[in-house]
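Reader: Please pick one part of this model and take me through it closely. Keep it brisk, define each term once, and work outwards from there.

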Amino acid sequence: MIDHKTLVLNHRQIQQKITRMAYEIYERNATENQVIFAGISGMGRIFAELLANKLKEISPLEVESVEVLVDKMAIVQGNVTLSENIDMENKCLILVDDVLNTGKTLAFALKPFLEIPIKKMELAVLVNRSHKLFPVSPDYTGLELSTTLNEHISVNLSTDNYSVHLH
């Protein structure tokens, strides 16, 4: 069987989305001293780093990032942890993933933050497929993309040629 891929976003377009989203994050958080990006394992972590680096470039805000360690293949999540301990108390946190499909992964990813008195939490995703099963809505979205449940989105941010494909 042949795997048909359609290019949805190319490298330049993804860079433009990152820049636009970083400016939106700065506009909404200009009065904050610090913004912490929490990227979900895999492409979410890489996307969080790209957003964090762009925000550092365009603003005077102090920016930190951490990885949220989630097993995306597990039906039920056990332990959801952070890659390192950083002070998040009374700070703005932006949870980041590459694709928002049903919201299940993002709902599980909230677990480590439920006992931390953060100031506010926002959500950023590169692609929102809008197949909500959980009450999760992004504050920052690169692209809204209507897909069928049988279609798959693949994001590649690990090379110098970023891409988003629809399968």
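Author: Strands (E, at least two residues) and helices (H or I, at least four) are DSSP runs, numbered from the N terminus. Two strands pair if DSSP finds at least two bridges between them. A hairpin of this kind joins β8 to β9 through six residues. That hairpin is the place to start.

First, the ground rules. The model is predicted, so local features need pLDDT of at least 70 and side-chain atom pairs count only at pLDDT 80 or more, while totals for chains, interfaces and linings use all residues. Residues are numbered from 1 along each chain as its sequence is written, and side-chain values use heavy atoms, with hydrogens and water left out.

Now the strands. β8 and β9 (residues 163-166) run antiparallel and are joined by four bridges. I153 has L166 of β9 as its bridge partner. N156 is bridged to S163 of β9. On to β1: three bridges join it to β9, again antiparallel. Here L7 is matched with H165 in β9.

Put together, these strands form an open sheet of three, in the order β1-β9-β8, with antiparallel pairing. β1 (6-9) and β8 (153-156) are the edge strands, each pairing on one side only. Neighbouring strands of this sheet are turned by 30 degrees against each other on average, direction ignored. Axes here are lines fitted to C-alpha atoms, for helices over the stretch in contact, and angles run from 0 to 180 degrees between N-to-C directions.

Is β9 buried or exposed on its two faces? Both faces are covered: S163 and H165 are buried on one side, V164 and L166 on the other. Buried means under 20% relative accessible area, exposed over 50%, and partly exposed in between (1.4 Å probe, protein chains only). In a regular strand the side chains alternate between the two faces of the sheet.

What lies against this sheet? Helix α1 (residues 11-28) lies across β1 and β9, at about 30 degrees to β1. Contact means heavy atoms within 4.5 Å. The N-terminal end of α1 is capped by N10, with a side-chain oxygen 3.1 Å from the backbone nitrogen of R12. α1 has 18 residues and reaches 26 Å from its first C-alpha to its last, close to the 26 Å expected at 1.5 Å a residue. That expected span is 1.5 Å times one less than the number of residues. The buried residues of α1 are H11, I14, K17, I18, M21, A22 and I25. Seen down the helix axis, they fall within an arc of 130 degrees, so they line one face of α1. The arc is that of the directions from the axis to the C-beta atoms.

Next, the loop that leads into β8. T147 sits between β7 (140-144) and β8. It counts as buried because its relative accessibility is 11%. The T147 side chain makes a polar contact with the side chain of R129, at 2.8 Å. A polar contact is a pair of N or O atoms within 3.5 Å; within protein, one must be able to donate a hydrogen and the other to accept it, and residues adjacent in sequence count only if both atoms are side-chain atoms. Not counting residues up to four places away in sequence, T147 touches R129, H131, I153 and L166. Two of these names have appeared already: I153 and L166 are bridge partners.

One step further out is another sheet. Six strands form it, open, in the order β4-β3-β2-β5-β6-β7, with mixed pairing. Its edge strands are β4 and β7, each pairing on one side only. α1 packs on this sheet too, touching β2, β5, β6 and β7, and its direction makes about 150 degrees with that of β7.

A second helix, α2, lies across β2, β3, β5 and β6, at about 160 degrees to β2. α2 (residues 43-58) should span 22 Å for its 16 residues at 1.5 Å a residue; its end C-alpha atoms are 23 Å apart, which agrees. Its buried residues include M43, F47, L51 and L55. What covers the buried residues of α2 includes α1 and, back where we began, β8.
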